[in-house]
Amino acid sequence: MSIQWAELPSALQSANLQAMQQIVPQLAEIEEIKEQNQLKLLSAFMQCRVASNHLLGSTGYGYDDAGRDKLAEVFACYTGSEAAIFRHSFASGTHALSTALFGILRPNQQMLCATGRPYDTLIGVIGLNGKGGGSLAEFGIGYQELALCAGGTPDLKGIAAHAKNSAMLYLQRSCGYDSRPALSLSDIAKAAQAAKTANPNIYVVVDNCYGEFVATEEPTHHGADLIVGSLIKNPGGGIAPSGGYIAGKAALVELCAQRMTAPGVGAEVGSSAGDVLRQLWLGLYFAPGVVAEAMKAGAYATALFSILGYEVKPSAGAPRGDIITAIHLKNASNLSTFCNQIQAHSPIDSHLSLQPWPMPGYNCDVIMAAGAFTLGSSIELSCDAPMRPPYTAFLQGGLNFAASRAAILQAAATLQP
Ligand SMILES: *Cc1c(COP(=O)(O)O)cnc(C)c1O
């Protein structure tokens, strides 16, 4: 079985050519961002004097795990943070976010979320499903939510009005499964400023999942006190086998560390056994390039599906704040076909057919294409779609643009207009 452009219908071949021509300026811009980020990252490695012994792990309690601490130092340096935790032992991005929320917030305090409803898996953490199970709500931590303004920018007046009664302003940078643009770094800065003007003691925490390395700076350079993310997304570079990070103000990172292990113990423990540190180092080092490949796949998918008459977000040529491309596929059958084609053109498990399933943390069935080297990794070409109107495929990742482009084009070939 081979993948050849020549076998595609001629209309699709010309759409492919047109899309490739259309994205020439974006590809150049993505290369420019990649180069800047790679050099900044190399500088951070040099400045922190990363040495060969830092690639080795430890066992047991992991006291004096120099590589683990050095890795966190490099990530802090790159993101302009005072401190960081960057570890394989976070089970997921949600685990890292939950650790940060529970680490910082105290009973009777309030979390103010200014980016509308948070990502599905945070619903249970906050307690918005009305269930207990150890949620923030069960510990007496209040929650207030502000919808985004039309156009997807934060409600600065609302933030100013509610910041006084809140201990934390929470912003989700990426669109998640929502139909809205990713927050720009300048919108994050404006939201942070509005909150801090009203309440100088407020902490600004950003869910940075899918946003890392997309621009030449991070939210920590733009007023965020803390950023949190997953290592099976952007900063793991497709190589990290698991993990998450928390980076920002040292005092906040310390609070999170106490919650992560045990109060009084903090980040002093936690061994990185086996080869995992070397994988995290390599993944981080590759991340600017891998994110650039994913951004190219996103730019291509956006252009191709717009040309084919589908509604796509972000729209063709619009600035990107994450690696997600949302494609409205009009009906359940197209959505299922699209995801199955992405799976069928993946390097791993290409022979499997997909079924929607009730994934933990989501309120409807989800169909997922994930033919990945790392289970569930969404820096690799993957497609998640909640099976609900408007039947949107959330396409993300792609370690390699040529392979991603083939999968996206083949998927387009199978859709019913
Ligand atoms: C993926 C994601 C999360 C949660 O990360 P998991 O690793 O899936 O637990 C949180 N917020 C956003 C915006 C995400 O994209």
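**Ligand site, sheet and two buried residues**

In this predicted model, the ligand is surrounded by Ser92, Gly93, Thr94, Leu97, Tyr119, Gln172, Asp207, Cys209, Tyr210, Ser230 and Lys233. Polar side-chain atoms of several of these residues approach oxygen atoms of the ligand. For Thr94, the distance from a polar side-chain atom to a ligand oxygen is 2.5 Å. For Lys233, the corresponding distance is 2.9 Å. In the side chain of Ser92, an N or O atom is 3.4 Å from an oxygen atom of the ligand. On its own, the ligand has 370 Å² of accessible area, and the protein covers 91% of this.

Gln172, one of the residues around the ligand, is found in strand S4, which spans residues 168-172. Is Gln172 buried or exposed? Its relative accessible area is 3%, under the 20% limit, so Gln172 counts as buried. The side chain of Gln172 reaches the backbone oxygen of Ser174 at 3.0 Å. Beyond four places in sequence, Gln172 touches Thr115, Arg117, Pro118, Tyr119, Arg180, Leu183 and Asp207. Two of these contacts, Tyr119 and Asp207, are also among the residues around the ligand.

A further part of the chain forms a sheet. What is the strand order in this open sheet of 5 strands? The order is S8-S9-S12-S11-S10, and the pairing is antiparallel. Strand S8 (311-313) and strand S10 (366-369) lie at the edges, each pairing on one side only. On average, neighbouring strands are turned by 20 degrees against each other, direction ignored. Helix H10, covering residues 332-344, packs on the sheet. The helix touches strand S9 (324-328), S10, S11 and strand S12 (392-396). The direction of H10 makes about 30 degrees with that of S10.

At one edge of the sheet, S10 pairs with strand S11 (residues 382-386). The pairing is antiparallel and runs over 4 bridges. Within this pair, Ile367 stands opposite Ala385 in S11. In general, strands of a sheet pair through backbone hydrogen bonds.

Val291 lies in helix H9, which covers residues 276-307. With a relative accessible area of 1%, Val291 is buried. Apart from neighbours within four places in sequence, Val291 is in contact with Glu212, Phe213, Val214, Asn234, Ile323 and Ile379. How far apart are the C-alpha atoms of Val291 and Ala91? They are separated by 21 Å, with the two residues 200 residues apart along the chain.

Methods: Residues numbered from 1 in each chain as written. Predicted model: local features only at pLDDT ≥ 70, side-chain atom pairs only at ≥ 80, totals over all residues. Heavy atoms only, no water. Pairing = 2+ DSSP bridges. Helix = DSSP H or I, 4+ residues; strand = E, 2+ residues; numbered from the N terminus. Axes fitted to C-alpha atoms, helices over the stretch in contact; angles between N-to-C directions. Contact = heavy atoms within 4.5 Å. Near = heavy atom within 4 Å. Polar contact = N/O pair within 3.5 Å; in protein donor to acceptor, adjacent residues only side chain to side chain. Areas by Shrake-Rupley, 256 points an atom, 1.4 Å probe, with all protein chains shown as cover. Buried < 20%, exposed > 50% of the residue type's maximum accessible area, 1.4 Å probe, protein only.
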